[in-house]
Amino acid sequence: MMKTAILTITGGENFGNRLQNYALQEILKSYSETVHTIKNYTKAEAEYKKSTQFKKKIKWFIGTAAYYLPINKSLFNEWYRQKVFDKFNRSHINISPFVISKDNVPENLAAYYDYFVSGSDQVWNPHYLFNSHVEFMDFAQKNQRVSYAASFGVDEIPDDRKEDYKRWLKEIPSISVREGQGREIIRMLTDIEAEVVLDPTLLFTQKQWLKISKRPKWLKYDNYILAYYLGENSENVNQSVKEISEKYNLPVIRMNQKDLKKEYSTSPEEFLYLMAHCNLLCTDSFHGIIFGFQMNKPVVIYDRALMAGEVSMNSRMATIQELLGVEHRGIHNLDINNSKELFNCDYTNSNKRIEKERLKAHAFIKRALRV
């Protein structure tokens with residue numbers, strides 16, 4: 001009986017991250033009887049302590065109370081959001097009995113599983129403090145190591161990290177990445193020709209995503225604009241969305257504003273529902289663009305306003321826009337006064353392309369897991 005473990009980003013409350021983890025798990029279950037996700041506590045080792053877990057439950061209790069009372073404080077909203085995402089993890093993600101960190105790799109971990117799959121998401125981003133040798137699976141036998149749609153999230157590796165990355169990458173026999181730039185990075189460092197495969201969220205069909213979607217209890221609109229941004233809150237973006245809202249008399253649901261209690265506490269399942277039923281999606285998010293495509297929704301793409309210390313992610317955004325045929329859906333390319341142009345997005349050719357890429361992705365997984 002095959003046992004497979006996923007190594008991905010497990011901290012934080014990000015819709016795309018949680019849903020790609022779930023999608024990869026479900027896809028791998030087609031080939032492996034057991035599929036677990038290993039929690040990585042690098043740079044967050046204290047999270048695993050019982051005292052920290054107790055404090056977390058206290059925070060969630062306060063956050064829950066604030067949610068149902070007329071209290072709106074960003075900190076309490078964050079605590080409740082953590083609880084909502086933890087519930088999703090417990091309901092949908094098969095968590096491994098093992099935990100791991102950069103400085104603490106269980107001795108019997110490699111013997112317990114047949115394969116380790118690193119990915120998807122930005123598991124190889126050199127600027128993320130919680131990423132380390134662990135995501136390159138150097139604790140496992142070479143023939144146990146697989147990467148699926150791993151992303152660097154950046155256009156180049158810093159000089160002081162290149163030797164480590166070169167050494168780690170050379171030891172992965174079955175290696176695939178999510179972006180073309182990732183393939184270029186690996187080629188330059190190792191001369192290895194990595195395969196570019198679909199993000200796990202694209203391996204699911206719309207029907208599969210709708211199966212776990214759930215209408216938010218607070219939702220009072222049937223027609224609305226969904227605004228989902230991960231970048232710095234920009235006045236220019238807000239003004240642009242406001243203009244569209246006023247012109248077409250559509251309310252705006254803003255997903256990532258901490259001071260909006262109900263919206264900020266949306267679960268991944270509710271996020272899918274909101275995506276599936278919006279009239280228009282406005283986003284600067286990689287996975288936002290993907291779910292707009294999955295739900296066959298017209299999308300308006302905004303440039304990501306970088307937060308302090310954030311590195312440009314243009315390569316990953318360019319890759320997904322080209323793949324899904326939405327390069328022309330940037331706000332600077334659209335005439336918002338032309339309703340036909342704004343609210344119509346033809347994904348016919350993109351769907352054909354994705355079907356071919358799904359076959360390619362499954363073929364890679366079969367080869368990697370030797371099934």
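Mentor: Let's fix terms before we look around: a helix is a DSSP run of H or I with at least four residues, a strand is a run of E with at least two, and both are numbered from the N terminus. Keep in mind that this is a predicted model.

Trainee: Where does that put Asn296?

Mentor: Asn296 falls in the loop between α11 (286–294) and β11 (299–301).

Trainee: And what makes its phi stand out?

Mentor: Most residues other than glycine have a negative phi. Asn296 has a positive one, near 60°.

Trainee: Why is Asn296 called partly exposed?

Mentor: Its relative accessible area is 47%. Partly exposed runs between the 20% and 50% limits, so Asn296 belongs there.

Trainee: What about Met137, is it buried or exposed?

Mentor: Buried. Met137 has 0% relative accessibility, and the limit for buried is under 20%, so the label follows. Its phi is positive too, near 60°, and Met137 is found in the loop between β4 and β5.

Trainee: Which peptide bond is called cis, and what is its omega?

Mentor: The bond joining Gly119 and Ser120, with omega about -10°. Most peptide bonds are trans. Ser120 also has its place in the loop between β4 (115–118) and β5.

Trainee: How do you know whether Ile172 is buried or exposed?

Mentor: Ile172 has 3% relative accessibility, which is under 20%, so Ile172 counts as buried. That residue is in the loop between α5 (162–170) and β6 (174–177). Beyond its neighbours within four places in sequence, Ile172 is in contact with Trp124, Phe136, Met137, Arg145, Val146 and Ser147.

Trainee: How far apart are Ile172 and Arg161 in space?

Mentor: 17 Å, C-alpha to C-alpha, with the two positions 11 residues apart in sequence numbering.

Trainee: Let's try Met317. What makes it buried?

Mentor: A relative accessible area of 11%, which is under the 20% limit, so Met317 qualifies. Met317 lies in helix α12 (residues 314–323). Setting aside neighbours within four places in sequence, its contacts are Asp284, Ser285, Phe286 and Ile289.

Trainee: What makes a set of residues a nonpolar core?

Mentor: The members are buried residues of the nonpolar kinds, joined through side-chain atoms within 4.5 Å. The largest such core has 65 residues, and Tyr148, Leu202, Trp209, Leu226 and Leu324 touch the most other members. Helix α1 (residues 15–28) supplies the largest share of this core, 7 residues. Apart from that core lies another, of 31 residues, among them Leu109, Val134, Tyr165 and Leu189.

Trainee: Which residues does Leu226 touch?

Mentor: Not counting residues up to four places away in sequence, Leu226 touches Ile253, Met255, Leu274, Met275, Cys278, Leu280, Leu281 and Cys282.

Trainee: What makes a space a cavity rather than a pocket?

Mentor: A 1.4 Å probe fits inside a cavity but cannot get out, whereas a pocket is open. There are 2 cavities of 30 Å³ or more, and the second largest holds about 40 Å³. Its lining is made of Leu24, Leu28, Val117, Val146, Tyr148, Phe364, Ile365, Ala368 and Leu369. Two or more of the lining residues come from each of α1, β5 (145–150) and α14 (348–369), with α14 giving the largest share, 4 residues.

Trainee: How does the lining of that second largest cavity divide by class?

Mentor: 9 nonpolar, no polar and no charged residues.

Trainee: And the second largest pocket, by class?

Mentor: That lining has 6 nonpolar, 4 polar and 8 charged residues. The pocket's volume is about 420 Å³. Of its 18 lining residues, Tyr80, Val84, Lys87, Lys214 and Glu270 lie nearest the centre. The elements giving two or more residues to the lining are α2 (50–68), α3 and α10 (268–277), and α3 gives the most, 6.

Trainee: How do you know what span to expect for α3?

Mentor: The expected span is 1.5 Å times one less than the number of residues. Helix α3 (residues 74–92) has 19 residues, for which 27 Å is expected, and its reach from first C-alpha to last is 27 Å, close to that value. Its buried residues include Phe76, Trp79, Tyr80, Val84 and His92.

Conventions
Residues numbered from 1 in each chain as written. Predicted model: local features only at pLDDT ≥ 70, side-chain atom pairs only at ≥ 80, totals over all residues. Heavy atoms only, no water. Buried < 20%, exposed > 50% of the residue type's maximum accessible area, 1.4 Å probe, protein only. Contact = heavy atoms within 4.5 Å. 1 Å grid on protein atoms, 1.4 Å probe; cavity = no way out; pocket = protein on both sides within 12 Å on 5 of 7 lines; lining within 4 Å. Points joined across faces, edges and corners; volume = space filled by probe spheres on them. Nonpolar A, V, L, I, M, F, W, Y, C, P; charged D, E, K, R; others polar.
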